[in-house]
Amino acid sequence: MQLALVHARYQLLEIIRIPVAVFGSAFFPAAAMIFFVVPFAGDDPVGATYATASMVTFSVMSANIFQYGVGVAEDRDQPWNPYTRTLPAGPAPRFAGRVLAGLALTYLSLIPVVVIGATLTAAQLTPAVFLLALGTVAVISVPFTLMGLAIGYSLPSKAAIVVAQLIFLPLAFGGGLLSAPGEAPGFIETIAPYLPTRGAAELMWAAVGDYDVEPLALIMLGVWVVLLAALAGWAYRRDEGRRFS
């Protein structure tokens, strides 16, 4: 665990030295809050609470897909990365450290969304519900962490940036993150349960309000986690094999 914390500290210091990396993952969800949530749902306590939860999911997805997808791909291009793979501690502490650092940055990226929701909308949460929502963030970050790792370990950095950008908005729109629960266009409501973003959003909605998670969305979220874990593992082993072949 100590080695994992050392790697996490290294990852955090490396990212914080480039503030734009932290700013980028927080900007789009905060901008969406200001331009879409505040004017259209800001005065409705229930609507604002659900919309803020959607933007939290949006932020979690953004932070993890870009952070891992682009960050891992860029790290693979650095001479330091092959050296760390030769250390006797093995890959587990380095991997755990990356995940811990990623989770810390995910929570950091949520601060603007939470502040906007608390100050500019009528969203309401009790302290207990707020803590439940914080725990749910860690849960819903899993599929997007795995997605980012799969991208980062399977593609070069330039391609990883493009792929992350191409899948980001379709997943957000297709999962119904840009509309209230049950109010997305018909074709979105049809495909949404099959996307990981919808299952993640429904878990957040259930955490902050009286919302019943659709079983299909929850099942498909589990399917996505298994598939993405397999893909990320395959990409990592393939990259490891190429490094030492």
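This short presentation covers one helix, one pocket and one group of salt bridges in a predicted model.

Good morning, colleagues. I shall begin with helix H3, which runs over residues 45–76 and so contains 32 residues. From its first C-alpha to its last, H3 reaches 46 Å, close to the 46 Å expected at 1.5 Å a residue. How many of the residues of H3 are buried? The count is 27 of the 32, so H3 is largely enclosed by the rest of the structure.

Ser62 offers a local view of that helix, since its place is in H3. The relative accessible area of Ser62 is 2%, which falls under the 20% limit, and Ser62 therefore counts as buried. Leaving aside residues up to four places away in sequence, Ser62 touches Ser25, Gln67 and Phe168.

I turn now to the second largest pocket. This pocket holds about 440 Å³ of space. Its lining is made up of 21 residues, and those closest to its centre are Phe36, Val37, Met55, Leu177 and Leu178. Helix H3 returns here: together with helix H2 (19–41) and helix H7 (157–174), H3 is among the elements that give two or more residues to the lining. Which element supplies the largest share of that lining? It is H2, with seven residues. In character, the lining residues divide into 17 nonpolar, three polar and one charged.

My last topic is the salt bridges. A search of the whole structure finds two of them. One joins the side chains of Arg198 and Glu189, at 3.5 Å from N to O. The other partner of Arg198 is Glu202, and in that salt bridge the closest N and O atoms are 3.0 Å apart. Glu189, Arg198 and Glu202 are thus linked in a network of salt bridges.

Why are Arg198 and Glu202 separated by about one helical turn? They lie four residues apart in helix H9, which covers residues 196–208. In general, an α-helix has 3.6 residues a turn, so residues three or four places apart point the same way.

Are the members of this network buried or exposed? Arg198 is buried, with a relative accessible area of 3%, and Glu202 is buried as well. Glu189, by contrast, has a relative accessibility of 26% and counts as partly exposed, because that value lies between the limits of 20% and 50%.

That concludes my remarks, and I thank you for your attention.

Notes:
Residues are numbered from 1 along each chain as its sequence is written. This is a predicted model: local features need pLDDT of at least 70, side-chain atom pairs count only at pLDDT 80 or more; totals for chains, interfaces and linings use all residues. Side-chain values use heavy atoms; hydrogens and water are left out. The expected span of a helix is 1.5 Å times one less than its number of residues. Buried means under 20% relative accessible area, exposed over 50%, partly exposed in between (1.4 Å probe, protein chains only). On a 1 Å grid over the protein atoms alone, a cavity is a set of points where a 1.4 Å probe fits but cannot get out, and a pocket is an open set with protein on both sides within 12 Å along at least five of seven lines; lining residues have an atom within 4 Å of a point. Grid points are joined across faces, edges and corners, and a volume is the space filled by probe spheres set on the points. Ala, Val, Leu, Ile, Met, Phe, Trp, Tyr, Cys and Pro count as nonpolar, Asp, Glu, Lys and Arg as charged, and the others, Gly among them, as polar. A salt bridge is a side-chain nitrogen of Lys or Arg within 4 Å of a carboxyl oxygen of Asp or Glu. Contact means heavy atoms within 4.5 Å.
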